[in-house]
Amino acid sequence: MTTSPAPILQRWIHRCALALMAMALSVAVLLPVKAMAQPALTLSPETLPNASTQVYYFQFFSASGGVAPYTHRISAGALPPGIFLFGNFMSGVPSIAGTYSFSITATDRTSPVPLTVTRDYALVVEQTPFVIDEAMPPVATAGRNYSHSITARGGIKPYAFRVESGALPLGLTLASDGSVSGIPMVAGTFDINVVVTDSTSGTPSTAIRSFRFVVELPVMSVSPERPSHAAVGSPYAMSLGAVGGKEPYLYALTSGVLPEGLELQSNGTITGVPEVVGSYEIIITATDGSTGYGPITGSRAYTMVVEPPRLVLDTGVLPVATAAQPYIARLGVSNGVAPYEFTLGSGTLPPGLTLAEDGTISGIPARPLPPPDFSQYAFVFNVVDANRRSATFSMDMTVIDTPIQIGPAVVPDGIAGVTEYLLPFTAENATAPFAFALQEGALPQGLRFDPDTATLSGIPTESGSFAFTLQLTDAENRIVARQYAFTIAAPTLALTSTALSAGTTGVAYRHLLSAGGGAEPYRFRIIEGAMPPGMALSVDGEISGTTHQAGTFPFAIEVASATRQLSVQALTLQINPPASMDSAPVITTTVAPVIISSRTVTMVAGVAATIELTEGATGGPFTAANVVSLSPANAGTVSIDHGGSGTNTHYALRFAPAPDFSGVATVQYTLGNSGAISAPATIVFTVVPRPDPAHDPEVLGLLDAQAHSARSFATAQIGNVRQRLERLHGAGDGRYGFSDGLTFASNGGINRCASRVATPPGETCARPLADDVVVSSRHRSDYLFGTWVAGTLGSGERDARNGREAMDFETRGVSGGGDMRIGDGYAGASVGYGRDRTWVGDDDTRSDAQAYTLSVYGGYAPGDVFFIDGMLGYQSLHYDLRRSPTATAGDVKGRRNGRQWFAALTAGADLERGRWQFTPYGRFEFVRATLDGYREQGDPVYALRYDDQTLRSTSANLGLRVDYRRTMGWGMFAPQLRLEYQRDVERDGAATLHYADWTQGPAYRADVPGIGRSRLEIGLGALFENRAQWTFAFGYRGLFDDDGSDHGLTFDIQHEF
């Protein structure tokens, strides 16, 4: 069957028509839906402000109506040379004038097909006129380096500058590049005309401008800021200094009168002894040594206060007390009006002793438990005189436990058959009744020990070395044993008479020879030579007779002992002719015995004592002195010095105790003349340990002051940077605002625009804002960079506690820095300087400290509320230290350096409620300081040496900051309140110190607690911000803890651009 093509064609046409109708219907339905769903993308600004050649140009582009973020690109035309597009802004310095047309296309992130918008722009670049900038030169100072640059704009660089008329100050020159430099040598006002020529080919362009240079004289200042107080009757000294001029300086009193007894020298020293109590207003002027523009002067007004005489402690060292023995000592004070009233402050007296109101310390000290050789007690007492003037002094007291001992320390050596022993042993510090017993060893034959009388007696008949142990038991059942060793030498016979007195012819002569070292009786005879005629030697050693022959008669004498020991001695007898015919009596030559006495000496550990041995001794003139023994042997060193001659010969014993020795040391010595030696005598040295400097209030206070300064330097810099960081993480909506996004509107019916690109706030626009609008969306500020300066001026006090003196201090800290924004974050760097002066107690102990700081900081605020900030800093520390040791009237000084790292990490949230903003936050602070060791100078005994010291501090802080913001016509005002609780979770600063003159003496450890562990900070302040992006803030900060308080004033200046 054949089918006609017409019906088939008709069916296909019908089907296509139905399909086209369905597609048309779909388009008619879907196009409105899609048009309704697709947003309209917009790009602002509509027009661009004009630019100028060689002038920096900046412009933001803002796309809206789509899905952020947006990308921007040049889709047609070209930017002026020197201008570039960076993301959503273009900037640069155009170099060629003209009108430049281009198109910018913004693309959003709509999925699946991004939306775009294109806007055409025409940027007019105007030619900048060739002119010299109007910046006036800064004021110069005569004699100081000066530099300033005169600049121009417009024209073709490079420029050439020259002085057209007038003259610069002597010492300054103008270079062709516009720089003015040199050292001005005259003061005054100098007007000049400066011409600049550009590099235009053909006929260069020129410009001229007048400038005025002002040169001032240097400003000179006199230091110190205030004088120390003086006291009637006490030597006073103060040194003045000057800065800002040229040395040498001369000082003169230009107003008022100095206190009577004080005098000002031309070199700036005020010295003397004040005589009258009072307050004296004076002005001291310093004149420098500059020439030409000088000399210049500087003055400072002082109020010199002369106080009544200070109470002075006359008691240097308290006598050592003996446990279980009655004790009495009297504290002495002078420079006041009696009677004095004494009371115990801090510390403790030894158990069993009490302090009476009249300053008497008395009682029976108990034995320390557990019983060492001695115990030391430190205490502080207060004294008030009849006029109610008071003073506080610290003292150390030693109680010797005095364990029982057996005396003497040694058994002297002897000679067999010669030495007769009658040596009693003593029980020292023992409670009767007590008993002796011979425990070990053996005595030589001829000696025996009687336990009832505790006596070693007899004449040894054998020689050799012998040792024995003697034990003592007292009524308290305390037992002690002592070992003795001695030597019995074989007898050595010798003639002890080695010199004969001269005789006279015709005069009866008599001299008795003596011998030793052998068994008596001795027998004498002449074995060589002869006696003068008429004289003879008897068998018992007597030379006697009368001779009439003058001359010198040498001979040798043999002496024999009972045991047939022999000894020979050569002698010479001188016979002189008579001086007159008168007869003379019989001359008898005898040797005087030497008698010396024992004594007791109290001394300070580490300081040598010298004892005159011949003082009080009989039997002189003396010819020799010897040390027999030192017990214990490690107590120190003993030496003997002698001086003079003849009858004026004297001997001195010097005992230098070991630095770490204290207690009782016993030295036995002998003294001899030409014919005899004394029996040994004993000097008992009671060595009192030096006061433990780790308990000295002045030492502890000075260590506290150093730790407090280091911590204050760190917290001051952390606080200054904190003010800047708080500004950054809440920068506000638009260009103006305080940490929360404020947009300003003014009253008066004028429509004001919200801050947006190319529309400065305050410009009139079609859509007005409500008055005093607060925008809480917390967008980032448009600024890229910021600079700031902040500072703190504080003072405070710390109460005396734990044996430490009270402190008064003044602290200053200033910081400055710059930062920039990086996306949702911000980062910057700063430098700082700090200075602290702390006075400890009332005796001129003080610490002067300085710190130089370099730090970096930054933060991140990812949302509308939360933020996290951090900083890290390094400080160089420098200390000048002065201390008044408790045990001496002088001062010791020292210098110390150190370094310190510190860091802070803060997290918090900005919570807005209308005009109010509440910011709770938490912060951790970490401080690590290392102080170098140093040595004090100024006192040979009580100066100290300090080891390297590490200070550690970690604190956890919780705080709340409250701001109330009020917009004004000129800008914004915001009062502030801050409450912060601080708690140290780690704190360590122990110091190790020694006495400076001890190279191997004991070390002392002093804990340095620093400020209170828990503190409360209260802050009040106000912030002002104008529409030129300048922020000014000032406030009060108070820090309170159990030990004292710290008060400070703060300021802050910030600028964003």
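Biologist: Which strands each supply at least two residues of the nonpolar patch?

Modeller: Those are β79 (1030-1041) and β80 (1044-1056). Keep in mind that this is a predicted model. The strand that gives the most to the patch is β79, with three residues.

Biologist: What makes up this nonpolar patch on the surface?

Modeller: The patch is formed by V789, V814, W1030, F1032, F1034, F1051 and I1053. Together they have about 590 Å² of accessible area.

Biologist: Take F1051, then. Why does F1051 count as partly exposed?

Modeller: F1051, which lies in strand β80, has 36% relative accessibility. Buried means under 20% and exposed means over 50%, so F1051 at 36% counts as partly exposed.

Biologist: And S847, is it buried or exposed, and how do you know?

Modeller: S847 has 0% relative accessibility, which is under 20%, so S847 counts as buried. This residue lies in strand β66 (residues 845-860).

Biologist: What does S847 touch, not counting residues up to four places away in sequence?

Modeller: S847 touches L702, A705, Q706, S709, D836, R837, T838, Y879, D880 and L881.

Biologist: Let's move to charges. How many salt bridges does a search of the whole structure find?

Modeller: The search finds 33 salt bridges. Side chains of opposite charge can pair when their charged atoms come close.

Biologist: Why is the pair of E164 and R162 called a salt bridge?

Modeller: The closest N and O atoms of E164 and R162 are 2.6 Å apart. The cut-off is 4 Å, and 2.6 Å is within it, so the pair is called a salt bridge.

Biologist: Are those two residues buried or exposed, or in between?

Modeller: In between. E164 has a relative accessible area of 42% and R162 has 43% relative accessibility. Partly exposed covers what lies between 20% and 50%, so E164 and R162 both get that label.

Biologist: What about R478 and D474: how do you know that their side chains meet in a salt bridge?

Modeller: The N to O distance for R478 and D474 is 3.1 Å. That is within 4 Å, so the pair counts as a salt bridge. Both R478 and D474 are buried.

Biologist: What makes R510 and E542 a pair that ties together parts of the chain?

Modeller: R510 forms a salt bridge with E542, with the closest N and O atoms 2.3 Å apart. R510 lies in strand β48 (residues 509-512) and E542 in strand β52 (residues 542-545), so the pair ties together parts that are 32 residues apart in sequence. R510 has a relative accessible area of 31%, so R510 is partly exposed.

Biologist: Which residues do salt bridges that share partners join into one network?

Modeller: That network joins R837, D844, R846, D848, R882 and D891.

Biologist: On to the rings. How many aromatic pairs does a search of the whole structure find?

Modeller: The search finds 34 aromatic pairs.

Biologist: Why is the pair of F58 and F60 called edge-to-face?

Modeller: Their ring centres are 5.1 Å apart, with 80 degrees between the planes. Planes over 60 degrees apart count as edge-to-face, so 80 degrees earns F58 and F60 that name. F58 itself is partly exposed, because its relative accessibility is 29%.

Biologist: Why, then, is the pair of F342 and F381 called tilted?

Modeller: The centres of F342 and F381 are 5.9 Å apart and their planes are at 40 degrees. Stacked means under 30 degrees and edge-to-face means over 60, so a pair at 40 degrees is tilted. F342 lies in strand β32 (residues 341-347) and F381 in strand β35 (residues 374-384), so the pair ties together parts that are 39 residues apart in sequence. F342 is buried, and so is F381.

Biologist: Which residues do ring pairs link into a cluster?

Modeller: The cluster holds Y421, F425, F449, F466, F468, Y484 and F486.

Biologist: Last topic, strands. How do you know that β2 and β9 pair?

Modeller: Strand β2 (residues 51-52) and strand β9 (residues 116-126) share two bridges, in the parallel sense. Pairing needs at least two bridges, so β2 and β9 qualify. One of the bridges joins A51 to V125 in β9. Strand β8 (residues 98-107) runs antiparallel to β9, joined by 10 bridges.

Biologist: What makes β38 and β41 edge strands?

Modeller: Four strands form an open sheet in the order β38-β45-β44-β41, with mixed pairing. β38 (414-415) and β41 (435-441) each pair on one side only. Six bridges join β41 to strand β44 (residues 464-473), and the two run antiparallel.

Definitions and conventions
Residues numbered from 1 in each chain as written. Predicted model: local features only at pLDDT ≥ 70, side-chain atom pairs only at ≥ 80, totals over all residues. Heavy atoms only, no water. Buried < 20%, exposed > 50% of the residue type's maximum accessible area, 1.4 Å probe, protein only. Contact = heavy atoms within 4.5 Å. Patch = residues over 30% accessible without salt bridge, like charges linked within 9 Å, V, L, I, M, F, W, Y side chains within 5 Å. Areas by Shrake-Rupley, 256 points an atom, 1.4 Å probe, with all protein chains shown as cover. Phe/Tyr/Trp six-rings, centres within 6.5 Å; stacked < 30°, edge-to-face > 60°.
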